[in-house]
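Me: Please take a close look at a single part of this model, one sheet and what lies against it. Give the cut-offs behind each term as you go.

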Amino acid sequence: MTDTQTKTREIPAAIILTPAAEQRVADLMAKAPDDVIGVKLSTPRRGCSGLAYSVDYVTEEVKFDEKIVTPGGVFYVDGPSVLYLVGSTMDWQEDDFTAGFVFNNPNSKGDCGCGESFTV
């Protein structure tokens, strides 16, 4: 009789946060209301291309959301949105005129002209 051992494979996160994005999550969590447990990315239907990126505070965990623990706080990815975001990188960029999260999404087939939405 042989010993059987269950092996656990670590699954990579659906989305990678750059150090700048992780720092922005930390900044948001530092000034968040007391009931906030993290920051969540979702892809609601919006704009002329169909889907948009939305980042919001969350106060409770939702079944099937992906949970990514970062040095500055917990980052969630909306469960239904994971399919549109797998393999993406999220960055935070600032310049003299704008500041915001920027996404490199290999699943995006096109963006609208104003940059608010994307198609998959």
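Reply: What follows covers the sheet, its edge strands and one residue in an edge strand.

This is a predicted model, in which local features need pLDDT of at least 70 and side-chain atom pairs count only at pLDDT 80 or more, while totals for chains, interfaces and linings use all residues. Residues are numbered from 1 along each chain as its sequence is written, and side-chain values use heavy atoms, with hydrogens and water left out.

The pLDDT is the predictor's confidence in each residue, from 0 to 100. The protein chain averages 84, and 81% of the residues score at least 70. Confidence is highest in H1, at 95, and lowest in strand E11 (residues 118–119), at a mean of 58. Helices (H or I, at least four residues) and strands (E, at least two) are DSSP runs, numbered from the N terminus.

The sheet is open and has four strands in the order E5-E2-E7-E6, with mixed pairing. Its edge strands, E5 (54–58) and E6 (66–70), each pair on one side only. Two strands count as paired if DSSP finds at least two bridges between them. On average, neighbouring strands of this sheet are turned by 25° against each other, direction ignored. Axes here are lines fitted to C-alpha atoms, for helices over the stretch in contact, and angles run from 0 to 180 degrees between N-to-C directions.

At the E6 edge, a hairpin of two residues joins E6 to E7. E6 and E7 (residues 73–77) pair in the antiparallel sense over five bridges. Glutamate 66 stands opposite valine 77, and isoleucine 68 has phenylalanine 75 as its bridge partner. Glu66, Ile68 and Thr70 make up the covered face of E6, whereas Lys67 and Val69 make up the uncovered one.

Helix H1 (residues 19–30) lies across E2 (38–42), E5, E6 and E7, and runs at about 125° to E2.

At the other edge, serine 54 lies in strand E5. Serine 54 counts as buried because its relative accessibility is 14%; buried means under 20% relative accessible area, exposed over 50% and partly exposed in between (1.4 Å probe, protein chains only). Leaving out residues up to four places away in sequence, serine 54 touches Lys40, Leu41, Ser42, Pro44 and Arg46, where contact means heavy atoms within 4.5 Å. Its side chain also makes a polar contact with the side chain of aspartate 56 (2.8 Å). A polar contact is a pair of N or O atoms within 3.5 Å; within protein, one must be able to donate a hydrogen and the other to accept it, and residues adjacent in sequence count only if both atoms are side-chain atoms.
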